[in-house]
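Let's take a look at the salt bridges here, and at how buried or exposed their partners are.

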Amino acid sequence: MRAIPIPAAQATRDGPIARRATLAERLAPHGGMIMFSNVSPGAAYAHDPDGHGHVYHRAGSFAPGRKRLEGAQGLGIAQDAAGERAMTSRFIDEVLVARKPALGDPVDGRARRHAAHRPLGSPEHLAVLRQADANAAR
């Protein structure tokens, strides 16, 4: 395995947001990062705040350079079980089969949301976890 150089990011008023290089920045010259996310927009964009990779989110999707992806290029899904299934299908087709970046990351938001708002182990919580497991198994 070849070592990947780590850029020396500096946190300044006009510089990068993070004090350390994100995975998106580190992997940009080595095949890049593509993330599909259905968590909060802030949590999704924190993975690549400086726009080195691709981040797909229902609130707005971006390519390297923070280029906005519109229409079918974006991620028009709902924040529900159907949205999670659609996101997983697109992730499989585009990231795992077609594009094959250095890092592909699907982030299921429903399981996180339900864990915060339903009692752990409740029937509702377990149903959401079963769906997240089914998406991961695909």
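Glu94 and Arg90 sit 4 residues apart, about one turn of the helix, and both belong to helix H3 (residues 81–99). Helices here are DSSP runs of H or I with at least four residues, numbered from the N terminus. The two side chains form a salt bridge, with the closest N and O atoms 2.4 Å apart. That label calls for a side-chain nitrogen of Lys or Arg within 4 Å of a carboxyl oxygen of Asp or Glu.

A quick word on the source: this is a predicted model, where local features need pLDDT of at least 70 and side-chain atom pairs count only at pLDDT 80 or more, while totals for chains, interfaces and linings use all residues. Residues are numbered from 1 along each chain as its sequence is written, and side-chain values use heavy atoms, leaving out hydrogens and water.

Glu94 also pairs with Arg99, so Arg90, Glu94 and Arg99 end up linked in a network of salt bridges. By the same cut-off, the count comes to 3 salt bridges:

| Salt bridge | N to O distance |
|---|---|
| Arg90 and Glu94 | 2.4 Å |
| Arg99 and Glu94 | 3.5 Å |
| Arg68 and Glu70 | 3.9 Å |

How buried or exposed are the partners in the network? Arg90 counts as buried at 16% relative accessibility, whereas Glu94 is partly exposed at 21% and Arg99 is partly exposed at 35%. Buried means under 20% relative accessible area, exposed over 50%, and partly exposed in between (1.4 Å probe, protein chains only).

As for the Arg68 and Glu70 pair, Arg68 is partly exposed at 43%, and Glu70 is exposed at 52%.

Terms used. Helix = DSSP H or I, 4+ residues; strand = E, 2+ residues; numbered from the N terminus.
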